Each structure stands twice: as structure tokens, then as C-alpha cells.
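Subject: Structure handover and notes

Hello,

Here is the structure for you to take over. My notes on what was found in it follow below.

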Amino acid sequence: MPILMIVLLFGVMYFMMIRPQQKRRREAEQMQSSLGPGDEVVTIGGLYGTVTTVDDETVMLEVAPGVQTRYARPAIARVVKKAERIEQVPDEVEAKE
């Protein structure tokens, strides 16, 4: 009986603590990997800025006109506003229309 209680306790801890944390981490990684120029973001320090360039490990933010700062991708807490991205239409599709 005590072993069943321990197993039940670990099961509850997994579904109440570990699983939601893994989901939040996956969502944050997906958000950070989808950053692009023009996105308005907030850093973990509370600094608002607009993404100007992105590379594998860093993101350049314009925090004021002409002022750019470099941050590590994990330092981006959330995206405030996604940039309007224009999709490139293949030449074949444009010729048919």
C-alpha cells in the first residue's frame, strides 16, 4: 500500500509540475526560433525593441531610432507584435494570373 501511494504521488507530480513546464519550454523555444526582422519583442529584462537582424545565437534589437543592441535568443521573453511578412509568389503563379 505505501508503494502505491509513492507511485501515485510521483504520477501527480509529473502531470501537475513537470509536464506543464516542458510545454512552456517548448513554446518558448518555438517562439524564439520563429523571430524575424520587424517583430516587436520584450526581453527578460523588460526592454521593448524591434528585431532588425537574426542569426543562429543572437538577435539585434532597435530600442530607439539608430540605437541597436545585441541579445541572445533565449533573452527574448515574448513577441508583442509579429511583423507583416509578405510571402514571395513564384513567377509561374504570377504569369498564370
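Contact here means heavy atoms within 4.5 Å. On that basis, and leaving aside neighbours within four places in sequence, Thr58 is in contact with Arg70, Tyr71, Ala72 and Arg73. Please keep in mind that this is a predicted model.

Overall layout

The chain has 2 helices and 5 strands, and from the N terminus on its elements run α-β-β-β-β-β-α. It has 97 residues, of which 16% count as buried. About 7,900 Å² of the chain is exposed, with 60% of that area supplied by carbon and sulfur atoms. Of the contacts between residues at least 6 apart in sequence, 42% join residues at least 24 apart.

Helix H1

Helix H1 covers residues 2-33, 32 residues in all. From its first C-alpha to its last it reaches 45 Å, close to the 46 Å expected at 1.5 Å a residue. H1 nevertheless has a bend of about 40°, located at Tyr14.

The nonpolar core

Which residues make up the largest nonpolar core? There are 7 of them: Met31, Leu35, Val41, Val51, Val59, Leu61 and Ile76. In soluble globular proteins, nonpolar side chains tend to be buried together.

Ile76 is found in strand E5, residues 76-81. It counts as buried because its relative accessible area is 1%, and the cut-off for buried is under 20%. Not counting residues up to four places away in sequence, Ile76 touches Met31, Gln32, Leu35, Val41, Val42, Thr43 and Leu61. Val41 is 35 residues from Ile76 along the chain, yet their C-alpha atoms are separated by 6.9 Å.

Met31, also in the core, touches Ile76, Ala77, Arg78 and Val79, with residues up to four places away in sequence again not counted.

Thr43

Thr43 has its place in strand E1, residues 40-43. Is Thr43 buried or exposed? At 5% relative accessibility, Thr43 is buried. Beyond its neighbours within four places in sequence, Thr43 is in contact with Leu61, Tyr71, Ala75, Ile76 and Ala77. Two of these partners, Leu61 and Ile76, are members of the core listed above.

Arg73 and Thr58

Arg73 sits in the loop between strand E4 (67-72) and E5. Arg73 counts as buried because its relative accessibility is 16%, which is under the 20% limit. Leaving aside neighbours within four places in sequence, its contacts are Gln32, Ser33, Val54, Asp55, Asp56, Glu57, Thr58 and Val59. A polar atom of the Arg73 side chain lies 3.3 Å from the backbone oxygen of Asp56. Arg73 and Glu29 are 44 residues apart in sequence, with 9.1 Å between their C-alpha atoms.

Thr58, one of the contacts of Arg73, is in strand E3, residues 58-64. The side chains of Thr58 and Asp55 are joined by a polar contact of 2.7 Å. Asp55 is also among the contacts of Arg73. From Thr58 to Ala75 the C-alpha distance is 9.2 Å, across 17 residues of sequence.

Points to look at

When you open the model, you could start with the bend of H1 at Tyr14, then go to Ile76 and its contacts, including Met31 and Thr43. The loop residue Arg73 can follow, together with its contacts to Asp55, Asp56 and Thr58, among others.

Regards

Terms used:
Residues are numbered from 1 along each chain as its sequence is written. This is a predicted model: local features need pLDDT of at least 70, side-chain atom pairs count only at pLDDT 80 or more; totals for chains, interfaces and linings use all residues. Side-chain values use heavy atoms; hydrogens and water are left out. A nonpolar core is a set of buried Ala, Val, Leu, Ile, Met, Phe, Trp, Tyr and Cys residues joined through side-chain atoms within 4.5 Å. Buried means under 20% relative accessible area, exposed over 50%, partly exposed in between (1.4 Å probe, protein chains only). Helices (H or I, at least four residues) and strands (E, at least two) are DSSP runs, numbered from the N terminus. The expected span of a helix is 1.5 Å times one less than its number of residues. The bend at a residue is the angle between axes fitted to the seven residues ending there and the seven starting there. A polar contact is a pair of N or O atoms within 3.5 Å; within protein, one must be able to donate a hydrogen and the other to accept it, and residues adjacent in sequence count only if both atoms are side-chain atoms. Accessible areas come from the Shrake-Rupley method with a 1.4 Å probe; for residues, only the protein chains shown count as cover.
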